[in-house]
Amino acid sequence: MWTLQAPPSPCLLQPPPSYLPFNFLHKSSPVFASYYSYRPTSIRFSTTSNSTHIVSNPEPTTFGHNYNDSIQSLCKKGHLKEALQLLFQEPNPTQRTYELLILSCSQKHSLSHALTVHRKLIDDGFGQDPFLATKLINMYSQLDCIDHVRHVFDKISNRTIFVWNAFFRALTLAGHGEEVLDFYRRMNRIGISSDRFTYTYLLKACVASESSSSLEKGREIHGHILRHGYERHLHIMTTLIDVYARFGCVGNASCLFHEMPEKNLVSWSAMISCYAKNGKPLEALELFREMMSYDLLPNSVTMVSVLQACAALAALEQGKLLHGYIIRKGLDCILPVLSALVTMYARCGALELGRRVFDQMGKRDVVAWNSMISSYGIHGFGAKAIEIFREMIRYGVSPSPISFVSVLGACSHAGLVAEGKHLFDSMLKEHNMYPSVEHYACMVDLLGRANKLEEAAIIIQDMRIEPGPKVWGSLLGSCRIHCNVDLAERASRRLFELEPTNAGNYVLLADIYAEARMWDEVKRVRKLLEAKGLRKVPGCSWIEVKRKIYCLQSVDEINPQIEQIHALLLNLSMEMKQNGYVPNTRIVLYDLEEEEKERILLGHSEKLAVAFGLINNSKGETIRISKNLRLCEDCHSFTKLISKYTNREILVRDINRFHHFKDGVCSCGDYW
């Protein structure tokens with residue numbers, strides 16, 4: 001076979017079609033160069049028979065009949081409109097042409113052009129092309145058109161694993177995790193084998209799903225991964241850690257992490273995040289130090305998790321060291337890191353340092369504003385939090401649902417009922433945002449703390465959505481503050497149905513019964529706890545001394561200074577009794593002698609942490625403590641007197657808010 005090149009012919013240069021714009025002929029036009037480029041036609045003479053015939057190319061290449069190269073070139077240069085104009089003059093568009101057109105529609109974020117390309121693609125016979133189907137699914141996913149994603153998937157008959165994976169990915173990104181898991185079962189029934197990408201999307205679907213069975217489905221997928229030999233795939237195992245972290249299965253995540261033969265920065269960051277988000281901040285910091293010993297340089301995602309751990313521990317000195325590292329490594333221009341710094345400083349009691357970081361930010365997104373609003377809120381500065389919220393809107397930043405959670409929470413801590421109601425009403429009236437369960441929970445908490453429990457109950461009754469455990473939990477917590485037995489029983493009945501294994505709800509109800517001296521009911525709830533095999537979360541307090549974090553618990557026999565701590569607390573208690581301190585023994589859930597109740601009260605973790613700080617901190621140094629539960633009434637009174645008696649500033653952050661004790665007074669005004 002011989003191949004000859006046809007000589008250039010002037011007839012190949014046809015005048016431009018009339019539909020092209022007037023400036024098409026100008027040399028600066030993006031179409032000009034492509035239109036008048038010359039591409040010779042290949043002619044092949046076959047000698048396999050007595051006759052000689054010309055065999056044409058798979059694609060026509062004579063311009064005037066083939067615009068594929070021009071369309072593709074225009075797409076690469078970002079000229080989608082011009083590319084579409086040429087598309088309707090091309091009788092034989094190629095797969096590559098449609099691939100680039102679809103990609104260009106995604107980049108331009110244009111649904112109207114996407115629909116045009118999709119219709120033309122079907123007209124040209126590519127409707128059953130699985131490769132282009134994956135591209136269409138990805139395009140509609142980026143355009144947030146999940147219904148169009150489903151339409152493409154429904155119409156394609158040749159569903160390769162790549163089509164399934166693209167579909168799973170799109171549904172997961174849209175938050176339809178439960179639907180992904182349902183389709184996965186259908187895929188298995190028809191015998192399509194999963195690949196490593198399938199398992200990654202399935203695990204991410206478990207994280208995105210709100211179903212109560214998502215954890216079990218995640219465990220089931222874990223089994224599939226092991227059976228099909230994918231346990232050595234780093235990305236899959238890292239995503240599996242995220243699944244267990246999402247559902248609080250820290251032990252499972254830790255086992256997976258330590259059994260991984262290879263680890264990269266992403267897997268280390270995933271495990272640090274797991275600890276930080278599941279109440280194990282000390283472990284998060286320890287793992288971070290271990291990671292650094294392997295000379296792995298943390299990225300912005302790692303630093304956000306580590307800053308969250310410092311915030312949880314009120315570890316200000318550790319946080320300052322991390323801030324210095326962030327500046328040295330040039331991570332101080334990344335918005336999530338700066339927002340985490342604002343939150344860290346505020347939760348370590350250094351609100352002014354957090355405000356300084358916020359003020360120095362060149363650009364602020366809604367997350368940064370939310371951090372500042374929340375920071376003022378947990379310190380009890382409700383009016384300031386509202387001011388920041390309104391300033392954010394004046395700067396043209398639209399509030400997110402979390403913005404309203406933050407500002408309503410600030411109103412709750414400061415007792416700003418009228419302001420909170422106005423902000424709640426403004427969600428729909430001014431911002432076209434329907435309140436979620438979290439917002440209703442904030443309103444119930446706001447009204448409940450202000451002893452407007454009946455009004456809180458009416459809000460729950462009139463809710464347009466199912467209240468759920470957060471709302472009922474807010475009501476039960478308010479009943480605990482004001483000892484409302486009737487409403488507490490109503491709330492707890494619903495909570496026992498919704499969260500049968502949450503020991504905290506049983507403990508709260510028992511607290512309310514104890515406050516009302518209903519000891520038979522206290523015993524009944526305790527027996528219920530034992531019958532279900534549930535245990536109360538032990539009180540735990542953290543304190544930073546000379547850049548080291550110490551954890552103190554009610555039953556602490558490991559601390560070498562424990563005897564000295566107990567002796568100091570006993571002496572302080574005796575001296576303060578002479579000056580008017582009366583232990584609040586009503587909060588002890590056991591029907592015991594007063595002396596025994598007082599001994600139990602002195603063993604509370606926050607008191608142990610205060611004594612540890614007095615023993616080990618320098619004279620005059622502020623004591624900073626973080627606690628995993630609500631500060632009890634007796635510890636609150638005790639710490640107020642300690643701050644006056646020892647002339648110390650003591651900062652205690654409990655699960656709800658900050659308490660700044662100084663000269664016998666608390667910043668919360670005894671309202672928490």
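Two cavities of 30 Å³ or more occur in the structure, which is a predicted model. The second largest cavity encloses about 50 Å³ of space. Its lining consists of Leu 181, Tyr 184, Arg 185, Lys 217, Glu 220 and Ile 221. Two elements, α9 (177-189) and α11 (214-227), each give two or more residues to this lining.

The overall make-up of the chain was examined next. The chain contains 33 helices and nine strands. Of its 672 residues, 48% are buried. The chain exposes about 32800 Å². Carbon and sulfur atoms account for 53% of that area. Contacts were also sorted by sequence separation. Of those between residues at least 6 apart in sequence, 63% join residues at least 24 apart.

In soluble globular proteins, nonpolar side chains tend to be buried together. In this model, the largest nonpolar core has 173 residues. Within this core, Leu 101, Phe 168 and Leu 475 touch the most other members. Helix α18 (residues 335-347) is the greatest contributor to the core, with nine residues. A second core of 31 residues is separate from it. Among the members of this second core are Leu 572, Tyr 581, Leu 614 and Trp 672.

The contacts of Leu 101 illustrate the packing in the larger core. With residues up to four places away in sequence set aside, Leu 101 touches Ile 71, Cys 75, Leu 80, Ala 83, Leu 84, Leu 87 and Val 117. Ser 106 lies in helix α4 (residues 95-108). Its relative accessible area is 11%, under the 20% limit, so Ser 106 counts as buried. Ser 106 touches Met 139 and Gln 142, again leaving out residues up to four places away in sequence.

Leu 569 belongs to helix α30 (residues 562-577). This residue has a relative accessible area of 1% and is therefore buried, the limit being 20%. Beyond residues up to four places away in sequence, Leu 569 touches Leu 602, Lys 607, Leu 608, Ala 611 and Phe 638. Lys 607 lies 38 residues from Leu 569 along the chain. The C-alpha atoms of these two residues are separated by 7.6 Å.

The sheet was then traced strand by strand. Six strands form an open sheet with mixed pairing. Their order is β5-β4-β6-β7-β8-β9. Strands β5 and β9 (665-666) are the edges, and each pairs on one side only. Strand β7 (residues 650-653) pairs with β8 in the antiparallel sense over four bridges. One bridge joins Arg 653 to Phe 658 in β8. The two strands form a hairpin, with four residues between them.

Strand β8 (residues 658-662) also pairs with β9. This pairing is antiparallel and has two bridges. Lys 662 has Val 665, in β9, as a bridge partner. Strands β8 and β9 form a hairpin with two residues between the strands. In this hairpin, Asp 663 adopts a positive phi near 55°.

Backbone angles were considered last. Most residues other than glycine have a negative phi. Ala 314 is not a glycine, yet its phi is positive, at about 55°. Ala 314 sits in the loop between α16 (300-313) and α17 (316-328). Its relative accessibility is 1%, below the 20% limit, so Ala 314 counts as buried. Arg 547 likewise has a positive phi, near 65°, in a residue other than glycine. Arg 547 is placed in the loop between β4 (540-545) and β5 (548-553). Those two strands are neighbours in the order of the open sheet. With a relative accessible area of 44%, between the 20% and 50% limits, Arg 547 is therefore partly exposed. The two loop residues thus contrast in their exposure, because Ala 314 is buried, whereas Arg 547 is partly exposed.

Note on methods. Residues are numbered from 1 along each chain as its sequence is written. This is a predicted model: local features need pLDDT of at least 70, side-chain atom pairs count only at pLDDT 80 or more; totals for chains, interfaces and linings use all residues. Side-chain values use heavy atoms; hydrogens and water are left out. Buried means under 20% relative accessible area, exposed over 50%, partly exposed in between (1.4 Å probe, protein chains only). A nonpolar core is a set of buried Ala, Val, Leu, Ile, Met, Phe, Trp, Tyr and Cys residues joined through side-chain atoms within 4.5 Å. Contact means heavy atoms within 4.5 Å. Two strands pair if DSSP finds at least two bridges between them. Accessible areas come from the Shrake-Rupley method with a 1.4 Å probe; for residues, only the protein chains shown count as cover. On a 1 Å grid over the protein atoms alone, a cavity is a set of points where a 1.4 Å probe fits but cannot get out, and a pocket is an open set with protein on both sides within 12 Å along at least five of seven lines; lining residues have an atom within 4 Å of a point. Grid points are joined across faces, edges and corners, and a volume is the space filled by probe spheres set on the points.
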